[in-house]
Amino acid sequence: MNLSKQEFLNTADSAKYIQDKRKLRAELEAEMAKFLKRGGEIKQAVSQIYKAKHGTADQYRKRSCRCDVCVAWALDNGVIKLTTIKARV
Ligand SMILES: [Zn+2]
């Protein structure tokens, strides 16, 4: 749907949408209450930090990493011959 918020609120569907959302929320809260009753714990979601594997073709080519490890890889694999570009920091 490509409506502005105001347009959306004016549509007949919006009341149903809001109702559905409220229902979903109530269901979620009920489930959460059950979960907590059983001794469930709520933990803060931890965002997964992407761990780059340096010194690989993917890292050097796809992610354009130019750290020491990746540049060393590129040199070893003949992708580059010099690291002079690196000097232009
Ligand atoms: Zn790297």
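Of the 89 residues of the chain, 3% count as buried. Buried means that 20 or more other C-beta atoms, placed from the backbone, lie within 10 Å of the residue's own; exposed means 12 or fewer, and partly exposed lies in between. This is a predicted model: local features need pLDDT of at least 70, side-chain atom pairs count only at pLDDT 80 or more, and totals for chains, interfaces and linings use all residues. Residues are numbered from 1 along each chain as its sequence is written.

The chain has five helices and zero strands. These are DSSP runs, numbered from the N terminus: helices are H or I with at least four residues, strands are E with at least two. The radius of gyration is 26 Å, well over the 12 Å from the globule rule for 89 residues, so the chain is more spread out than a compact globule. That radius is taken over C-alpha atoms, and the rule is 2.2 Å times the number of residues to the power 0.38. The C-alpha trace spans about 65 × 45 × 20 Å along its principal axes.

Two domains are assigned. Their bounds come from an automatic or database domain assignment.

| Domain | Residues |
|---|---|
| domain 1 | 5–37 |
| domain 2 | 57–87 |

The C-alpha centres of domain 1 and domain 2 lie 51 Å apart.

Now take helix α2, residues 13–37. Among its 25 residues, the count of buried ones is zero. Just after α2, G39 takes a positive phi of about 90 degrees.

Terms used
The expected span of a helix is 1.5 Å times one less than its number of residues.
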